[in-house]
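Q: Please take a close look at the aromatic pairs of this structure and their surroundings. A connected account would be appreciated.

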Amino acid sequence: MSPVVVGIVGTLVVFLLLFLGMPIAFALMLVGFLGLSHLSSLEAALPVLARTFYEVAAHYPYTVIPLFIVMGGFAASAGLTHELYNAFDKCFRKLPGGLGVATIAACAGFAAVSGSSVATAATMATVALPEMRRFGYSPRLATGCIAAGGTLGFLIPPSIGFVVYGMLTEQSVGKLLIAGVVPGLILALAYIGIVIFTVRLRPELAPSSTEPVSLRERIRALWGIWETLLVFTVVMGGVYKGVFTPTEAGAVGATMLLLAAMLKGKLNKTVLFEALKEAMRVSVMVLTLVAGANIFSYFLALTTIPTQVATWVAGLEVSRYVILGFILLIYLFLGCFLDAISMMVLTLPVIFPMVLDLGFDPIWFGVIAVLMMEAGLITPPMGLNIFTVAGVATDTPVEEIFRGAAPFLLSIFAVVILITIFPQLALFLPSKM
(Lines give C-alpha, C1' and ligand atoms only; values in the text may rest on other atoms or scores of the structure.)
Protein backbone atom coordinates (compact mmCIF):
# COMPACT_ATOMS: atom_id res chain seq x y z
CA MET A 1 0.00 0.00 0.00
CA SER A 2 1.10 3.56 -0.67
CA PRO A 3 1.79 5.85 2.34
CA VAL A 4 -1.39 7.84 1.63
CA VAL A 5 -3.54 4.68 1.69
CA VAL A 6 -1.82 3.60 4.93
CA GLY A 7 -2.66 7.00 6.42
CA ILE A 8 -6.32 6.79 5.41
CA VAL A 9 -6.61 3.25 6.81
CA GLY A 10 -4.91 4.35 10.03
CA THR A 11 -7.33 7.27 10.45
CA LEU A 12 -10.32 4.98 9.91
CA VAL A 13 -8.90 2.54 12.49
CA VAL A 14 -8.64 5.39 15.02
CA PHE A 15 -12.35 6.17 14.60
CA LEU A 16 -13.19 2.46 14.83
CA LEU A 17 -11.27 2.16 18.10
CA LEU A 18 -13.04 5.26 19.46
CA PHE A 19 -16.38 3.73 18.52
CA LEU A 20 -15.39 0.55 20.39
CA GLY A 21 -14.66 2.62 23.50
CA MET A 22 -10.87 2.91 23.55
CA PRO A 23 -9.62 6.20 25.08
CA ILE A 24 -8.56 8.55 22.30
CA ALA A 25 -5.01 9.00 23.63
CA PHE A 26 -4.32 5.26 23.46
CA ALA A 27 -6.04 4.91 20.08
CA LEU A 28 -3.80 7.65 18.62
CA MET A 29 -0.67 6.15 20.19
CA LEU A 30 -1.41 2.60 19.03
CA VAL A 31 -2.26 3.52 15.43
CA GLY A 32 0.57 6.05 15.24
CA PHE A 33 3.13 3.56 16.52
CA LEU A 34 1.94 0.74 14.25
CA GLY A 35 1.85 3.14 11.29
CA LEU A 36 5.39 4.36 11.96
CA SER A 37 6.57 0.76 12.29
CA HIS A 38 4.94 -0.15 8.97
CA LEU A 39 6.22 2.86 7.02
CA SER A 40 9.74 2.80 8.49
CA SER A 41 10.68 0.05 10.93
CA LEU A 42 10.12 -1.08 14.49
CA GLU A 43 13.63 0.06 15.38
CA ALA A 44 12.80 3.57 14.17
CA ALA A 45 9.33 3.71 15.79
CA LEU A 46 10.37 2.70 19.33
CA PRO A 47 12.70 5.71 19.88
CA VAL A 48 9.94 8.04 18.60
CA LEU A 49 7.57 6.61 21.22
CA ALA A 50 10.08 7.03 24.06
CA ARG A 51 11.30 10.46 22.96
CA THR A 52 7.76 11.83 22.56
CA PHE A 53 6.71 10.82 26.07
CA TYR A 54 9.87 12.30 27.54
CA GLU A 55 9.61 15.57 25.62
CA VAL A 56 5.96 16.09 26.54
CA ALA A 57 6.50 15.28 30.22
CA ALA A 58 9.70 17.35 30.50
CA HIS A 59 8.61 20.45 28.55
CA TYR A 60 8.60 23.31 31.06
CA PRO A 61 5.72 25.40 29.56
CA TYR A 62 3.33 22.48 30.06
CA THR A 63 3.51 23.00 33.84
CA VAL A 64 1.00 25.80 33.33
CA ILE A 65 -1.80 23.18 33.15
CA PRO A 66 -1.73 21.95 36.78
CA LEU A 67 -1.20 25.51 38.00
CA PHE A 68 -4.34 26.78 36.25
CA ILE A 69 -6.38 23.85 37.59
CA VAL A 70 -5.08 24.46 41.12
CA MET A 71 -6.10 28.11 40.76
CA GLY A 72 -9.68 27.05 40.15
CA GLY A 73 -9.66 24.68 43.13
CA PHE A 74 -8.31 27.31 45.52
CA ALA A 75 -10.73 29.95 44.17
CA ALA A 76 -13.70 27.71 44.89
CA SER A 77 -12.44 26.82 48.37
CA ALA A 78 -11.83 30.51 49.16
CA GLY A 79 -15.51 31.21 48.53
CA LEU A 80 -14.94 33.46 45.52
CA THR A 81 -17.77 31.77 43.63
CA HIS A 82 -20.33 32.67 46.27
CA GLU A 83 -19.06 36.24 46.42
CA LEU A 84 -19.20 36.62 42.64
CA TYR A 85 -22.73 35.26 42.43
CA ASN A 86 -23.93 37.37 45.36
CA ALA A 87 -22.47 40.54 43.84
CA PHE A 88 -23.97 40.05 40.39
CA ASP A 89 -27.28 38.91 41.85
CA LYS A 90 -27.58 42.20 43.74
CA CYS A 91 -26.65 44.21 40.61
CA PHE A 92 -28.82 42.43 38.02
CA ARG A 93 -31.79 41.21 40.08
CA LYS A 94 -34.23 43.72 38.56
CA LEU A 95 -33.41 42.77 34.97
CA PRO A 96 -35.59 40.22 33.17
CA GLY A 97 -34.12 36.88 34.19
CA GLY A 98 -31.86 38.70 36.65
CA LEU A 99 -30.62 35.53 38.38
CA GLY A 100 -29.78 34.01 34.99
CA VAL A 101 -27.86 37.16 34.07
CA ALA A 102 -26.07 37.00 37.42
CA THR A 103 -25.20 33.35 36.77
CA ILE A 104 -23.61 34.14 33.38
CA ALA A 105 -21.68 37.07 34.89
CA ALA A 106 -20.49 34.93 37.81
CA CYS A 107 -19.42 32.16 35.39
CA ALA A 108 -17.34 34.73 33.49
CA GLY A 109 -15.82 35.92 36.77
CA PHE A 110 -14.97 32.41 37.94
CA ALA A 111 -13.56 31.57 34.50
CA ALA A 112 -11.08 34.40 35.04
CA VAL A 113 -9.47 32.49 37.91
CA SER A 114 -10.05 28.96 36.63
CA GLY A 115 -8.99 27.14 33.49
CA SER A 116 -11.72 24.57 33.07
CA SER A 117 -15.25 24.79 31.68
CA VAL A 118 -16.33 21.68 33.58
CA ALA A 119 -15.04 23.10 36.86
CA THR A 120 -16.88 26.37 36.17
CA ALA A 121 -20.14 24.58 35.36
CA ALA A 122 -19.91 22.24 38.37
CA THR A 123 -19.05 25.03 40.81
CA MET A 124 -21.74 27.40 39.59
CA ALA A 125 -24.35 24.64 39.57
CA THR A 126 -23.93 24.16 43.32
CA VAL A 127 -24.16 27.93 43.96
CA ALA A 128 -26.70 29.28 41.49
CA LEU A 129 -29.14 26.40 41.02
CA PRO A 130 -30.63 26.47 44.56
CA GLU A 131 -31.18 30.24 44.31
CA MET A 132 -32.90 30.07 40.93
CA ARG A 133 -35.10 27.25 42.17
CA ARG A 134 -35.99 29.28 45.27
CA PHE A 135 -37.27 32.11 43.07
CA GLY A 136 -39.27 29.75 40.84
CA TYR A 137 -37.09 29.74 37.74
CA SER A 138 -37.82 27.14 35.07
CA PRO A 139 -35.46 24.14 35.43
CA ARG A 140 -34.79 24.36 31.69
CA LEU A 141 -33.66 28.00 31.86
CA ALA A 142 -31.75 27.59 35.11
CA THR A 143 -29.72 24.57 34.05
CA GLY A 144 -29.26 25.91 30.51
CA CYS A 145 -27.74 29.15 31.87
CA ILE A 146 -25.26 27.24 34.02
CA ALA A 147 -24.25 24.76 31.31
CA ALA A 148 -23.73 27.54 28.75
CA GLY A 149 -22.07 29.90 31.22
CA GLY A 150 -19.64 27.15 32.14
CA THR A 151 -18.29 27.11 28.57
CA LEU A 152 -16.73 30.53 29.27
CA GLY A 153 -14.12 28.68 31.33
CA PHE A 154 -12.69 27.34 28.05
CA LEU A 155 -12.38 30.80 26.46
CA ILE A 156 -11.77 33.45 29.11
CA PRO A 157 -8.14 33.20 30.27
CA PRO A 158 -6.60 31.37 31.99
CA SER A 159 -7.92 28.70 29.59
CA ILE A 160 -6.73 25.12 29.27
CA GLY A 161 -8.12 25.17 25.72
CA PHE A 162 -5.64 27.81 24.60
CA VAL A 163 -2.78 26.05 26.39
CA VAL A 164 -3.47 22.78 24.55
CA TYR A 165 -3.89 24.59 21.21
CA GLY A 166 -0.56 26.34 21.77
CA MET A 167 1.11 23.05 22.67
CA LEU A 168 -0.15 21.29 19.54
CA THR A 169 0.56 24.14 17.10
CA GLU A 170 3.71 25.61 18.72
CA GLN A 171 2.10 29.04 19.05
CA SER A 172 2.63 31.51 21.89
CA VAL A 173 0.43 30.47 24.82
CA GLY A 174 0.69 33.99 26.24
CA LYS A 175 -0.68 35.59 23.06
CA LEU A 176 -3.44 32.99 22.82
CA LEU A 177 -4.55 33.65 26.40
CA ILE A 178 -4.65 37.41 25.83
CA ALA A 179 -6.50 36.87 22.53
CA GLY A 180 -9.37 35.24 24.44
CA VAL A 181 -10.12 38.26 26.65
CA VAL A 182 -12.26 40.38 24.28
CA PRO A 183 -14.07 37.45 22.57
CA GLY A 184 -14.77 36.01 26.04
CA LEU A 185 -16.40 39.24 27.20
CA ILE A 186 -18.39 39.53 23.97
CA LEU A 187 -19.65 35.95 24.34
CA ALA A 188 -20.64 36.58 27.97
CA LEU A 189 -22.64 39.64 26.87
CA ALA A 190 -24.24 37.60 24.08
CA TYR A 191 -25.27 34.94 26.60
CA ILE A 192 -26.79 37.65 28.79
CA GLY A 193 -28.69 38.96 25.76
CA ILE A 194 -30.11 35.46 25.16
CA VAL A 195 -31.32 35.26 28.79
CA ILE A 196 -33.02 38.68 28.68
CA PHE A 197 -34.60 38.04 25.27
CA THR A 198 -35.89 34.59 26.34
CA VAL A 199 -37.45 35.92 29.55
CA ARG A 200 -39.03 38.90 27.77
CA LEU A 201 -40.54 36.44 25.30
CA ARG A 202 -41.67 34.02 28.03
CA PRO A 203 -41.87 35.80 31.41
CA GLU A 204 -43.21 32.69 33.14
CA LEU A 205 -39.76 31.08 32.85
CA ALA A 206 -38.24 33.53 35.37
CA PRO A 207 -40.51 35.26 37.90
CA SER A 208 -39.39 38.78 38.81
CA SER A 209 -37.77 39.24 42.20
CA THR A 210 -39.60 41.56 44.60
CA GLU A 211 -36.83 41.73 47.19
CA PRO A 212 -35.47 45.31 47.26
CA VAL A 213 -31.71 45.87 47.08
CA SER A 214 -30.30 49.14 48.37
CA LEU A 215 -27.38 50.97 46.80
CA ARG A 216 -25.30 50.27 49.91
CA GLU A 217 -25.95 46.52 49.56
CA ARG A 218 -24.86 46.61 45.92
CA ILE A 219 -21.66 48.48 46.71
CA ARG A 220 -20.88 46.10 49.56
CA ALA A 221 -21.51 43.08 47.32
CA LEU A 222 -19.33 44.46 44.53
CA TRP A 223 -16.55 45.09 47.04
CA GLY A 224 -16.58 41.34 47.68
CA ILE A 225 -15.21 40.55 44.21
CA TRP A 226 -12.01 42.59 44.58
CA GLU A 227 -9.97 39.43 45.12
CA THR A 228 -11.08 37.96 41.79
CA LEU A 229 -10.35 41.21 39.96
CA LEU A 230 -6.95 41.47 41.64
CA VAL A 231 -5.92 37.91 40.72
CA PHE A 232 -7.09 38.29 37.12
CA THR A 233 -5.36 41.66 36.75
CA VAL A 234 -2.07 40.42 38.19
CA VAL A 235 -2.06 37.14 36.26
CA MET A 236 -3.18 38.35 32.83
CA GLY A 237 -1.66 41.82 33.22
CA GLY A 238 1.68 40.21 34.01
CA VAL A 239 1.46 38.03 30.90
CA TYR A 240 0.38 40.96 28.74
CA LYS A 241 3.19 43.21 29.93
CA GLY A 242 5.77 40.43 29.71
CA VAL A 243 6.52 40.55 33.44
CA PHE A 244 6.25 36.78 33.62
CA THR A 245 5.51 33.77 31.42
CA PRO A 246 2.13 31.96 31.45
CA THR A 247 3.65 29.28 33.70
CA GLU A 248 4.91 31.88 36.16
CA ALA A 249 1.53 33.61 35.95
CA GLY A 250 -0.17 30.34 36.93
CA ALA A 251 2.18 30.00 39.91
CA VAL A 252 1.51 33.60 41.00
CA GLY A 253 -2.26 33.15 40.67
CA ALA A 254 -2.25 29.84 42.54
CA THR A 255 -0.18 31.37 45.35
CA MET A 256 -2.50 34.39 45.65
CA LEU A 257 -5.60 32.19 45.81
CA LEU A 258 -3.91 29.82 48.27
CA LEU A 259 -3.19 32.77 50.56
CA ALA A 260 -6.79 33.98 50.16
CA ALA A 261 -8.13 30.58 51.23
CA MET A 262 -5.70 30.46 54.17
CA LEU A 263 -6.56 33.98 55.39
CA LYS A 264 -10.27 33.14 55.29
CA GLY A 265 -9.67 29.98 57.26
CA LYS A 266 -11.10 27.81 54.48
CA LEU A 267 -7.99 25.82 53.66
CA ASN A 268 -7.64 22.35 55.16
CA LYS A 269 -6.07 19.04 54.21
CA THR A 270 -9.14 17.89 52.29
CA VAL A 271 -9.34 21.05 50.17
CA LEU A 272 -5.60 20.96 49.44
CA PHE A 273 -5.65 17.26 48.59
CA GLU A 274 -8.68 17.60 46.27
CA ALA A 275 -7.17 20.58 44.43
CA LEU A 276 -3.86 18.78 43.89
CA LYS A 277 -5.58 15.52 42.92
CA GLU A 278 -7.72 17.29 40.30
CA ALA A 279 -4.64 19.10 38.94
CA MET A 280 -2.79 15.80 38.66
CA ARG A 281 -5.74 14.04 37.00
CA VAL A 282 -6.30 16.74 34.37
CA SER A 283 -2.58 17.19 33.71
CA VAL A 284 -1.97 13.48 33.14
CA MET A 285 -5.02 13.29 30.87
CA VAL A 286 -3.97 16.31 28.77
CA LEU A 287 -0.29 15.34 28.52
CA THR A 288 -1.19 11.77 27.53
CA LEU A 289 -3.50 13.15 24.85
CA VAL A 290 -0.78 15.47 23.56
CA ALA A 291 1.76 12.63 23.48
CA GLY A 292 -0.71 10.47 21.55
CA ALA A 293 -1.44 13.32 19.15
CA ASN A 294 2.27 13.92 18.54
CA ILE A 295 2.92 10.24 17.76
CA PHE A 296 -0.05 10.17 15.41
CA SER A 297 1.17 13.43 13.81
CA TYR A 298 4.57 11.87 13.08
CA PHE A 299 2.79 8.98 11.40
CA LEU A 300 0.59 11.33 9.33
CA ALA A 301 3.64 13.37 8.34
CA LEU A 302 5.24 10.20 6.90
CA THR A 303 2.08 9.50 4.90
CA THR A 304 2.25 13.08 3.43
CA ILE A 305 -1.54 13.40 3.91
CA PRO A 306 -1.42 16.82 5.71
CA THR A 307 0.80 18.28 2.97
CA GLN A 308 -1.29 16.87 0.15
CA VAL A 309 -4.57 17.98 1.73
CA ALA A 310 -3.19 21.49 2.33
CA THR A 311 -1.92 21.70 -1.26
CA TRP A 312 -5.23 20.42 -2.65
CA VAL A 313 -7.28 22.89 -0.57
CA ALA A 314 -4.99 25.79 -1.51
CA GLY A 315 -5.59 24.96 -5.18
CA LEU A 316 -9.39 25.06 -4.93
CA GLU A 317 -10.93 27.98 -6.77
CA VAL A 318 -13.22 28.97 -3.91
CA SER A 319 -13.01 31.62 -1.23
CA ARG A 320 -10.89 30.64 1.75
CA TYR A 321 -13.88 31.51 3.93
CA VAL A 322 -15.89 28.74 2.25
CA ILE A 323 -13.17 26.31 3.33
CA LEU A 324 -13.16 27.85 6.82
CA GLY A 325 -16.91 27.30 7.00
CA PHE A 326 -16.40 23.66 6.06
CA ILE A 327 -13.76 23.29 8.83
CA LEU A 328 -16.17 24.80 11.36
CA LEU A 329 -18.90 22.37 10.29
CA ILE A 330 -16.45 19.51 10.91
CA TYR A 331 -15.83 20.83 14.43
CA LEU A 332 -19.56 21.20 15.04
CA PHE A 333 -20.14 17.59 13.93
CA LEU A 334 -17.24 16.20 16.00
CA GLY A 335 -18.48 18.17 19.01
CA CYS A 336 -21.51 15.90 19.06
CA PHE A 337 -19.29 12.93 19.95
CA LEU A 338 -15.92 14.13 21.33
CA ASP A 339 -14.79 16.41 24.13
CA ALA A 340 -13.00 19.64 23.22
CA ILE A 341 -9.39 18.58 23.85
CA SER A 342 -9.90 15.29 21.99
CA MET A 343 -11.17 17.25 19.00
CA MET A 344 -8.03 19.37 19.02
CA VAL A 345 -5.58 16.50 19.17
CA LEU A 346 -7.48 14.58 16.50
CA THR A 347 -7.94 17.38 13.95
CA LEU A 348 -5.15 19.93 14.28
CA PRO A 349 -2.40 17.76 12.71
CA VAL A 350 -4.33 17.91 9.43
CA ILE A 351 -6.32 21.15 9.74
CA PHE A 352 -3.63 23.49 11.09
CA PRO A 353 -1.26 23.23 8.05
CA MET A 354 -4.29 23.87 5.86
CA VAL A 355 -5.20 26.98 7.86
CA LEU A 356 -1.67 28.34 7.50
CA ASP A 357 -1.68 27.71 3.73
CA LEU A 358 -4.96 29.61 3.45
CA GLY A 359 -3.26 32.62 5.03
CA PHE A 360 -5.27 32.75 8.26
CA ASP A 361 -3.58 34.07 11.41
CA PRO A 362 -2.81 31.09 13.73
CA ILE A 363 -3.69 33.08 16.88
CA TRP A 364 -7.00 34.21 15.37
CA PHE A 365 -7.81 30.65 14.28
CA GLY A 366 -7.05 29.48 17.83
CA VAL A 367 -9.84 31.72 19.12
CA ILE A 368 -12.23 30.47 16.42
CA ALA A 369 -11.33 26.84 17.17
CA VAL A 370 -11.82 27.27 20.92
CA LEU A 371 -15.21 28.91 20.31
CA MET A 372 -16.30 25.91 18.24
CA MET A 373 -15.01 23.58 20.95
CA GLU A 374 -17.25 25.50 23.37
CA ALA A 375 -20.24 24.69 21.18
CA GLY A 376 -19.37 21.01 21.53
CA LEU A 377 -19.61 21.30 25.32
CA ILE A 378 -23.39 21.90 25.08
CA THR A 379 -24.17 19.96 21.88
CA PRO A 380 -25.98 16.59 22.08
CA PRO A 381 -25.31 13.75 22.57
CA MET A 382 -21.87 14.33 24.19
CA GLY A 383 -22.29 17.75 25.84
CA LEU A 384 -19.80 17.41 28.68
CA ASN A 385 -21.10 20.53 30.47
CA ILE A 386 -24.66 19.24 30.17
CA PHE A 387 -23.82 16.03 32.02
CA THR A 388 -21.79 17.97 34.58
CA VAL A 389 -24.84 20.10 35.44
CA ALA A 390 -27.06 16.99 35.34
CA GLY A 391 -24.86 15.49 38.06
CA VAL A 392 -25.94 18.34 40.35
CA ALA A 393 -29.52 18.86 39.10
CA THR A 394 -30.42 15.20 39.51
CA ASP A 395 -34.16 15.83 39.25
CA THR A 396 -33.89 17.56 35.85
CA PRO A 397 -33.83 15.27 32.77
CA VAL A 398 -30.74 15.57 30.59
CA GLU A 399 -32.92 16.31 27.54
CA GLU A 400 -34.37 19.31 29.38
CA ILE A 401 -30.89 20.69 30.07
CA PHE A 402 -29.95 20.26 26.40
CA ARG A 403 -33.06 22.23 25.41
CA GLY A 404 -32.20 24.95 27.91
CA ALA A 405 -28.67 25.31 26.54
CA ALA A 406 -29.65 25.17 22.84
CA PRO A 407 -30.43 28.92 22.42
CA PHE A 408 -26.94 29.79 23.66
CA LEU A 409 -25.43 28.00 20.66
CA LEU A 410 -26.73 30.90 18.58
CA SER A 411 -24.53 33.25 20.62
CA ILE A 412 -21.43 31.16 19.93
CA PHE A 413 -22.11 31.10 16.18
CA ALA A 414 -22.79 34.86 16.20
CA VAL A 415 -19.47 35.56 17.96
CA VAL A 416 -17.62 33.28 15.50
CA ILE A 417 -19.08 35.25 12.59
CA LEU A 418 -18.29 38.57 14.30
CA ILE A 419 -14.64 37.64 14.90
CA THR A 420 -14.35 36.33 11.34
CA ILE A 421 -15.57 39.68 9.98
CA PHE A 422 -13.55 41.71 12.51
CA PRO A 423 -10.44 39.63 13.34
CA GLN A 424 -8.91 42.53 15.29
CA LEU A 425 -11.35 41.78 18.09
CA ALA A 426 -9.11 38.78 18.83
CA LEU A 427 -5.79 40.13 17.54
CA PHE A 428 -5.63 43.69 18.86
CA LEU A 429 -4.47 42.88 22.40
CA PRO A 430 -1.90 40.22 21.36
CA SER A 431 -0.46 42.62 18.76
CA LYS A 432 0.34 45.10 21.55
CA MET A 433 2.26 42.59 23.67
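A: A residue counts as buried when its relative accessible area is under 20%. In this predicted model, T388 has a relative accessibility of 15% and therefore counts as buried. T388 belongs to helix α20. Leaving aside residues up to four places away in sequence, T388 touches V118, A121 and A122.

Helix α20 also carries a partner in one of the aromatic pairs, of which a search of the whole structure finds six. A pair of aromatic rings is described by the distance of the centres and the angle of the planes. For F360 and W364, the ring centres are 5.1 Å apart and the planes meet at 25 degrees, so this pair is stacked. Both F360 and W364 are buried. The rings of F387 and F402 have their centres 6.1 Å apart, with planes at 80 degrees, and the pair is therefore edge-to-face. This pair links distant parts of the chain, since F387 lies in helix α20 (residues 384–392) and F402 in helix α21 (residues 398–421), 15 residues apart. The burial of the two partners can be stated as well: F387 is partly exposed, with a relative accessible area of 42%, whereas F402, at 12% relative accessibility, counts as buried.

The stacked pair has further surroundings. Ring pairs link F360 and W364 with Y321 into a cluster. In addition, R320 lies over the face of F360, at 4.4 Å from the ring centre.

Definitions and conventions: Residues numbered from 1 in each chain as written. Predicted model: local features only at pLDDT ≥ 70, side-chain atom pairs only at ≥ 80, totals over all residues. Heavy atoms only, no water. Phe/Tyr/Trp six-rings, centres within 6.5 Å; stacked < 30°, edge-to-face > 60°. Buried < 20%, exposed > 50% of the residue type's maximum accessible area, 1.4 Å probe, protein only. Helix = DSSP H or I, 4+ residues; strand = E, 2+ residues; numbered from the N terminus. Lys NZ or Arg CZ within 6 Å of the ring centre and 35° of its normal. Contact = heavy atoms within 4.5 Å.
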